[in-house]
Amino acid sequence: MSIDVHHVTKRFGDFVALDDVTVSLPTGQLTALLGPSGGGKSTLLRIIAGLDTADSGTISIEGTDATRLPAQKRNVGFVFQHYAVFKHMTVAKNVAFGLEIRRRPKAEVVARVDELLKLVHLSQFAHRLPSQLSGGQRQRMALARALAVEPSVLLLDEPFGALDAKVRKELREWLRRLHDEVNVTTVFVTHDQEEALEVADEIVVINEGRVEQVGTPDQLYDEPANDFVMSFLGDVTSLGGSSLRPHDIEISTSPVLAGGVEGEVSRLLRIGFEVRANVLTIDGEEVTVVLTRAHARAIGVEEGSTVWLTPAVGAAVVPRMKAVV
């Protein structure tokens with residue numbers, strides 16, 4: 001059982017937001033839809049939720065064809081970037097709202113709200129208004145409200161995008177723990193690579209309306225399908241016409257590396273324990289190499305040094321795509 005998207009296409013006028021997208025999002029996992037702004041991530045999430053309709057293709061949720069089901073019948077919880085809370089209601093009332101409109105017994109509503117506020121560590125704020133909470137607390141309240149109706153799928157559209165970096169980091173760690181505890185199928189949209197790599201079980205990389213690659217964080221980082229995935233998921237440099245990561249290049253001040261490319265260190269930048277060397281090779285490539293400060297000192301790398309470069313054993317190496325003229 002999963003969320004199955006088959007051949008979904010969505011256009012807005014002449015703009016193709018999704019181009020024949022087919023992907024399966026596993027049950028019980030936390031899946032990230034990752035890609036640049038305007039790539040189609042949020043459009044796909046909204047189509048899964050039933051907030052938008054596809055021009056063609058089908059959506060199946062937990063084995064049920066949901067393509068033509070209205071949003072309220074898909075049993076999904078949706079959390080927006082900007083909370084979408086009821087400002088005049090207390091935290092407890094916000095969380096209870098979905099249960100009350102479903103006419104659940106009052107005792108059941110009270111018990112469920114109490115359970116969820118404990119889960120998201122907001123019990124002490126139950127009687128406050130949203131305006132009296134911090135941004136991170138409001139987002140936790142929004143998550144509790146989405147979980148209140150026991151959805152089969154939880155969808156989050158850049159849930160931490162409006163928060164500062166420190167709060168974002170705290171909340172994504174909390175979201176991972178929460179997901180492991182409630183074990184609901186969760187899909188979240190982000191353009192933050194670190195967020196996706198840290199939180200998700202699986203990542204779907206979307207660019208220009210198409211799925212570039214699907215895999216675990218390790219698979220995408222270590223075995224990128226193409227140059228775009230590699231460059232989007234971390235720092236990239238070029239050596240011998242291929243893309244690879246700066247920390248995956250071996251550097252030596254003597255020609256002992258088999259097949260090593262000769263070059264000269266044009267700039268050396270020290271940032272804490274890390275050293276970044278810009279090397280101009282004899283082939284005219286500008287290569288960035290990252291090494292520890294201790295390693296740089298041990299081999300005597302300095303500006304103006306002649307060095308030899310080669311990909312490290314096990315490095316992810318992707319041929320660079322040639323520009324179309």
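Let me begin with a convention: Ala, Val, Leu, Ile, Met, Phe, Trp, Tyr, Cys and Pro count as nonpolar, Asp, Glu, Lys and Arg as charged, and the others, Gly among them, as polar. I shall use these classes for the linings of the open and enclosed spaces in the structure, which is a predicted model.

I start with the second largest pocket, whose volume is about 280 Å³. It has 14 lining residues, and A92, A96, V109, V110 and V113 are the closest to its centre. Two elements, α2 and α3 (106-119), each supply two or more residues to this lining. Of the elements, α3 gives the most, with six residues. By class, seven lining residues are nonpolar, three are polar and four are charged.

Turning to the largest pocket, I note a volume of about 530 Å³. Its lining comprises 19 residues, and those closest to the centre are V76, G77, F78, R102 and V149. Three elements give two or more residues each to the lining of the largest pocket: strand β6 (76-79) and the helices α2 (91-101) and α4 (135-148). The class composition here is 13 nonpolar, four polar and two charged residues. Helix α2 therefore appears in the linings of both pockets, as an element giving two or more residues to the largest and to the second largest, under the element numbering by DSSP runs.

Next, the enclosed space. How many cavities of 30 Å³ or more does the structure hold? There is one, and the volume of the largest cavity is about 30 Å³. Its lining consists of L147, L154, L175, L178, H179, V182, V184 and T186. Helix α5 (residues 165-182) contributes the largest share of that lining, with four residues. Six of the lining residues are nonpolar and two are polar, and no charged residue takes part.

I now move to individual acidic residues, beginning with E195 in helix α6 (residues 193-199). Is E195 buried or exposed? E195 counts as buried because its relative accessibility is 1%, and the cut-off for buried is under 20%. Leaving aside residues up to four places away in sequence, E195 touches F160, R168, R172, F188, T190 and A200. With one of these, T190, the side chain of E195 forms a polar contact of 2.9 Å. As for distance across the model, the C-alpha atoms of E195 and D14 are separated by 32 Å, with these positions 181 residues apart along the chain.

The second glutamate is E285, placed in the loop between β15 (274-281) and β16 (286-292). E285 has a relative accessible area of 17% and is therefore buried, again by the cut-off of under 20%. Beyond residues up to four places away in sequence, E285 touches S238, L239, G240, G241, V279 and L280. The side chains of E285 and S238 are joined by a polar contact of 3.0 Å.

The strands flanking that loop form a hairpin with four residues between them, and G284 there takes a positive phi near 90°. β15 and β16 pair in the antiparallel sense over seven bridges. As an example, A277 has V289 in β16 as its bridge partner.

That brings me to backbone angles. Most residues other than glycine have a negative phi, and most peptide bonds are trans. Which phi does D20 take? D20 has a positive phi, near 55°, and is a residue other than glycine. D20 lies in strand β2 (residues 15-26). With a relative accessible area of 42%, D20 is partly exposed.

E62 likewise is not a glycine and has a positive phi, of about 50°. E62 sits in the loop between β4 (56-61) and β5 (64-65). E62 is buried because its relative accessible area is 18%, which falls under the 20% cut-off.

A glycine belongs in this part of the talk as well: G50, just after α1, takes a positive phi of about 90°. Helix α1 itself (residues 41-49) is mostly covered, with seven of its nine residues buried. The buried residues are K41, T43, L44, L45, I47, I48 and A49.

To close, I return to the two pockets: the largest holds about 530 Å³, and the second largest about 280 Å³. Thank you for your attention.

How values were computed
Residues numbered from 1 in each chain as written. Predicted model: local features only at pLDDT ≥ 70, side-chain atom pairs only at ≥ 80, totals over all residues. Heavy atoms only, no water. Buried < 20%, exposed > 50% of the residue type's maximum accessible area, 1.4 Å probe, protein only. Polar contact = N/O pair within 3.5 Å; in protein donor to acceptor, adjacent residues only side chain to side chain. Contact = heavy atoms within 4.5 Å. 1 Å grid on protein atoms, 1.4 Å probe; cavity = no way out; pocket = protein on both sides within 12 Å on 5 of 7 lines; lining within 4 Å. Points joined across faces, edges and corners; volume = space filled by probe spheres on them. Pairing = 2+ DSSP bridges.
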